[in-house]
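Work through the exercises below with the sequence and the 3D structure open. Try each task before reading its solution.

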Amino acid sequence: MRTLAAAALATALALPASSRAQALKTEEEKTLYALGMVAARSFQDFGLSAKELEVMKRGLSDTLSGKKPQVELAAYEQKVQEFARKRLASAAQARKAKELAVAEAAAREKGAEKTASGMVYVPIKEGTGPSPKPTDVVQVHYEGKLADGKVFDSSVKRGQPAQFPLNGVIPCWTEGLQKMKAGGKARLVCPSSIAYGDQGRPPVIPGGATLIFEVELLEVKPAGQ
């Protein structure tokens, strides 16, 4: 399958622009197009210009079609890593600045609390059970969204609650769930500094992303129980 996909991608890259613009007709064409979308996610935060993208396409096409490369890869591996590091760091900083408004808006909601860490805690329903300690195991239902509203993870959709030690998750959760009581529900707005940082969790969570979780605390289990 890998060989077939590589050959198809090489052929697609070699097609003239007029051919590439044609509507997708078959399921195989649509699948190959989706393959290109999956590959593109790896470069989404590089901020490539049209000219840079064309040069990169030449590298893809030459490699996948077996042509002699114009550079020695071993000599450029370190430069590729440095290029990626700089572009991703720049994208993360830009995203953090842009999404700062999300936390600021949440902090203005009724009952919201913004903590020293930058987390915004917005209660939705008060619980009546115990509050967890960092060493406790919690059982929760949750839905996680990016700042643009895209859902990236949801135990609700899976129909299966999640269970984990509270000190084994991102700092935003460790802090936020201690403010809850079992049976309660809240929204946690998590800046990247207390979520997944500038690295993110590609391709699902980009670097510097502010995350929004709606969490229902179902049960608290003391450690070792």
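## Exercise 1: A pair within one helix

The side chains of Arg85 and Glu82 form a salt bridge, with N and O 2.8 Å apart. The model is a predicted one. Task: find where Arg85 and Glu82 lie, and state how many residues apart they are.

Solution. Step 1: place the two residues. Both Arg85 and Glu82 belong to helix 5, and they are three residues apart, about one turn of the helix.

Step 2: recall the geometry. An α-helix has 3.6 residues a turn, so residues three or four places apart point the same way.

Step 3: recall the charges. Side chains of opposite charge can pair when their charged atoms come close.

Step 4: check the accessibility of each partner. Arg85 has a relative accessibility of 48%, and that of Glu82 is 32%. Partly exposed covers the range between 20% and 50%, so Arg85 is partly exposed and Glu82 is partly exposed as well.

## Exercise 2: A pair between two helices

Task: state which residue forms a salt bridge with Glu52, and which helices the pair ties together.

Solution. Step 1: identify the partner. Glu52 pairs with Arg87, and their closest N and O atoms are 2.7 Å apart.

Step 2: locate both ends. Glu52 is in helix 4 and Arg87 is in helix 5, so the bridge ties together parts that are 35 residues apart in sequence.

Step 3: classify the partners. Glu52 is partly exposed at 27% relative accessibility, and Arg87 is partly exposed at 22%.

Step 4: describe the helix that holds Glu52. Helix 4 spans residues 50-64, which makes 15 residues. From its first C-alpha to its last it reaches 21 Å, close to the 21 Å expected at 1.5 Å a residue. After helix 4 comes Gly66, with a positive phi near 80 degrees.

## Exercise 3: Buried or exposed?

Task: for the salt bridge between Lys133 and Asp136, decide whether each partner is buried or partly exposed.

Solution. Step 1: note the distance. The side chains of Lys133 and Asp136 meet at 3.7 Å, N to O.

Step 2: apply the cut-off. Buried means under 20% relative accessible area. Asp136 has 3%, so Asp136 is buried. Lys133 has 48% and is therefore partly exposed.

Step 3: look at how salt bridges can link up elsewhere. Glu82, Arg85 and Lys86 are joined into one network by salt bridges that share partners. The structure holds twelve salt bridges.

Step 4: apply the cut-off to another charged residue. Arg95, in helix 5 (residues 73-107), has a relative accessible area of 17% and is therefore buried. Leaving out residues up to four places away in sequence, Arg95 touches Asp45, Pro206, Gly207, Gly208 and Ala209.

## Exercise 4: The nonpolar core

Task: name the strand that gives the most residues to the largest nonpolar core.

Solution. Step 1: find the core. The largest nonpolar core has 28 residues, and those with the most contacts inside it include Val140, Trp173, Leu188 and Phe213.

Step 2: list the elements that each supply at least two residues. These are strand 3 (137-146), strand 5 (162-165), helix 7 (171-177), strand 6 (185-190) and strand 7 (211-221).

Step 3: pick the main contributor. Strand 7 gives the most, with five residues.

Step 4: follow one core residue. Beyond four places away in sequence, Leu188 touches residues including Met119, Trp173, Leu177, Leu211 and Phe213.

Step 5: note the second core. This separate set has six residues, including Ala103, Ala106, Val120 and Ile212.

## Exercise 5: The whole chain and an unusual bond

Task: count the helices and strands of the protein chain, then find where its cis peptide bond from Pro202 to Pro203 lies.

Solution. Step 1: count. The protein chain has seven helices and seven strands, in the order α-α-α-α-α-β-β-β-β-α-β-α-β-β.

Step 2: consider burial. The chain has 225 residues, of which 29% count as buried.

Step 3: place the bond. Pro203 sits in the loop between strand 6 and strand 7, and the peptide bond leading to it from Pro202 has omega near 0 degrees.

Step 4: set this against the general rule. Most residues other than glycine have a negative phi, and most peptide bonds are trans.

Key:
Residues numbered from 1 in each chain as written. Predicted model: local features only at pLDDT ≥ 70, side-chain atom pairs only at ≥ 80, totals over all residues. Heavy atoms only, no water. Core = buried A, V, L, I, M, F, W, Y, C linked by side-chain atoms within 4.5 Å. Buried < 20%, exposed > 50% of the residue type's maximum accessible area, 1.4 Å probe, protein only. Helix = DSSP H or I, 4+ residues; strand = E, 2+ residues; numbered from the N terminus. Contact = heavy atoms within 4.5 Å. Expected span 1.5 Å × (residues − 1). Salt bridge = Lys/Arg side-chain N within 4 Å of Asp/Glu carboxyl O.
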